[in-house]
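Reader: I'd like a close look at one part of this model rather than a quick tour of everything. Could you pick a good spot, stay with it for a while, and then show me how the rest is laid out around it?

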Amino acid sequence: MLKVPEKWIIIEGESVDKYSDVISQTYQGEREGIVVTGVFSQAEMLALKTKLATKKTGFYPTPYGETWGKILVAQGNDKSDYFAAAEKFRAELKEIFPTDFEATIKSIVSQLSGNKAVELPREQGRAYTPATIRFAYPNHGGIPIHLGNEFLHDSAYNYLKEIAQLVDGLSYFVVVNKAEAGGELILYDLPADRLKKSETDREKIREAKQSIDKFPRKIIVPDIGDLIIFQGGSILHCIGDILGNETRITIGGSLALSRDSEKVYYWS
C-alpha cells in the first residue's frame, strides 16, 4: 500500500471527479502533491515498455540516461527544431501508446481542476509537446536535484510567460516502469517560502542545493501506471539512484494555469 507524507493525497483513479479543487490547492501550496492510482493498467505500461524497446530514433542523451522527445529547456528563441520534434513525438506516441495518452491526461487534470479546459500551448499555430519519456538507467546517479523555477530564465519560455502562470508551476509524470530498487521521488522540505517566487534568484537556488543535507526529505514511491502531480516549480526534488537492472521509465512534463486561471496548459 502506497503511503504519502503530509500535504500529499492519494486518489483512486475512479474517484477523480470527487476532488475538483486539488490542482488549485497544489498550485497555491496548500498541498505539495497528488498521486492518482491506476490511471493506466500495468498491462498497458508493459505493452508501452515493450514497444519503446524497439524504437531507434528520437532519443536524446542525458547524464542519467536518455529522453525520448525534445524538452523545451535550452531551445532558445528559435524553437523550430522543438516544434518539429513535438509533431513527430505526438504522432509516434499515438501509435505506440496502448490508449490515448493525451486524452487521458486532459480528462484527469480537467476533473481535478474543476473542469477547466486543458490544452497544449500553441505558438504561431505550432503545438508544444505534451510530454517526454525519461529513461533513468541503473547506477547513473539518478536525476539531479532541481526545481522548475530555476529554468524559467531560458528564453524558450518567453511565449509561455505571456499566456501562463509559470512561476511555482506543477510537474506531472506517469510511471511506466519501476526500478528494482531506488528511483524514488525525493522532495526536500525547506523553510516556508525559501524558494517561492524565485524565478530569477538562481543564487538562492544554488545555495539551497549546496546545503541540501540540512533539510528533511519526503519520499514518494508510486506504482506502475500511477499519475503524480506535484509542486515541482518551487520544491527542490530529485530522483534517487536507480539500483538493480531495471531502467526507471516515466512519461510526463509540466502544468500551469493560464494567466486568467480559466484553463490549464500542459507541455514538456
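**A close look at strand β10**

Author: Let's start with the pairing: seven bridges join β10 to strand β17 (residues 248-257), and the two strands run antiparallel. Keep in mind as you read on that this is a predicted model. If you want a residue pair to click on, take Leu-170, whose bridge partner in β17 is Leu-255.

β10 also pairs with strand β14 (residues 227-230), again in the antiparallel sense, this time through four bridges. Here the pair to look up is Tyr-172, which has Ile-229 in β14 as its bridge partner. As background, strands in a sheet pair through backbone hydrogen bonds, and they can do so in parallel or antiparallel fashion.

So how buried is this strand? β10 covers residues 170-177, and eight of its eight residues are buried, so the strand is largely enclosed by the rest of the structure. The cut-off behind that word is a relative accessible area under 20%. For comparison with the whole chain, buried residues make up 53% of its 268 residues.

Now for the side chains around here. Phe-173, a residue of β10 by its number, belongs to one aromatic cluster together with Trp-8 and Phe-230. A search of the whole structure turns up ten aromatic pairs. One of them is Trp-8 with Phe-230, a stacked pair with 6.4 Å from centre to centre and 25° between the planes. This pair links distant parts of the chain: Trp-8 sits in strand β1 (residues 8-12), Phe-230 sits in strand β14, and 222 residues separate them. Trp-8 and Phe-230 are both buried.

Another aromatic pair makes a nice contrast. Tyr-82 and Tyr-128 meet edge-to-face, with 5.6 Å between centres and 70° between planes. They too come from distant parts of the chain, with Tyr-82 in helix α3 (residues 80-96) and Tyr-128 in the loop between β7 (126-127) and β8, 46 residues apart. Tyr-82 is buried, at a relative accessible area of 0%, and Tyr-128 counts as buried at 0% as well.

Moving on to other strands, there's an open sheet of four, in the order β9-β15-β12-β13, with antiparallel pairing. Its edge strands are β9 (143-146) and β13 (217-220), each of which pairs on one side only. From one strand to the next, the twist averages 15°. Inside that sheet, three bridges hold strand β12 (residues 185-188) to strand β15 (residues 237-239), and Leu-187 stands opposite His-237 in β15.

Then there's β4 (residues 65-68), which has two partners worth tracing. Four bridges join it to strand β3 (residues 59-62), with the two running antiparallel, and a hairpin of two residues connects β3 to β4. Strand β8 (residues 132-136) also pairs antiparallel with β4 over four bridges. Glu-66 takes part in both pairings: it is the bridge partner of Pro-61 in the first, and its own partner in β8 is Phe-135.

For something out in the open, try two loop residues. Asn-115 lies in the loop between α4 (101-112) and β5 (117-119), and its phi is near 65°, a positive value in a residue other than glycine. At 61% relative accessibility, Asn-115 counts as exposed. Gln-124 is in the loop between β6 (122-123) and β7, and its phi, near 50°, is positive too. Gln-124 also counts as exposed, with 79% relative accessibility.

Finally, step back to the whole chain, which holds six helices and 18 strands. The radius of gyration is 17 Å, close to the 18 Å that the globule rule gives for 268 residues, so the chain is as compact as a globular protein of that length. Along its principal axes, the C-alpha trace spans about 45 × 45 × 40 Å. Of the contacts between residues at least 6 apart in sequence, 83% join residues at least 24 apart. As for the surface, the chain exposes about 12,200 Å², and carbon and sulfur atoms supply 47% of that.

Terms used. Residues numbered from 1 in each chain as written. Predicted model: local features only at pLDDT ≥ 70, side-chain atom pairs only at ≥ 80, totals over all residues. Heavy atoms only, no water. Pairing = 2+ DSSP bridges. Axes fitted to C-alpha atoms, helices over the stretch in contact; angles between N-to-C directions. Buried < 20%, exposed > 50% of the residue type's maximum accessible area, 1.4 Å probe, protein only. Rg over C-alpha atoms; globule rule 2.2 N^0.38 Å. Contact = heavy atoms within 4.5 Å. Areas by Shrake-Rupley, 256 points an atom, 1.4 Å probe, with all protein chains shown as cover. Phe/Tyr/Trp six-rings, centres within 6.5 Å; stacked < 30°, edge-to-face > 60°.
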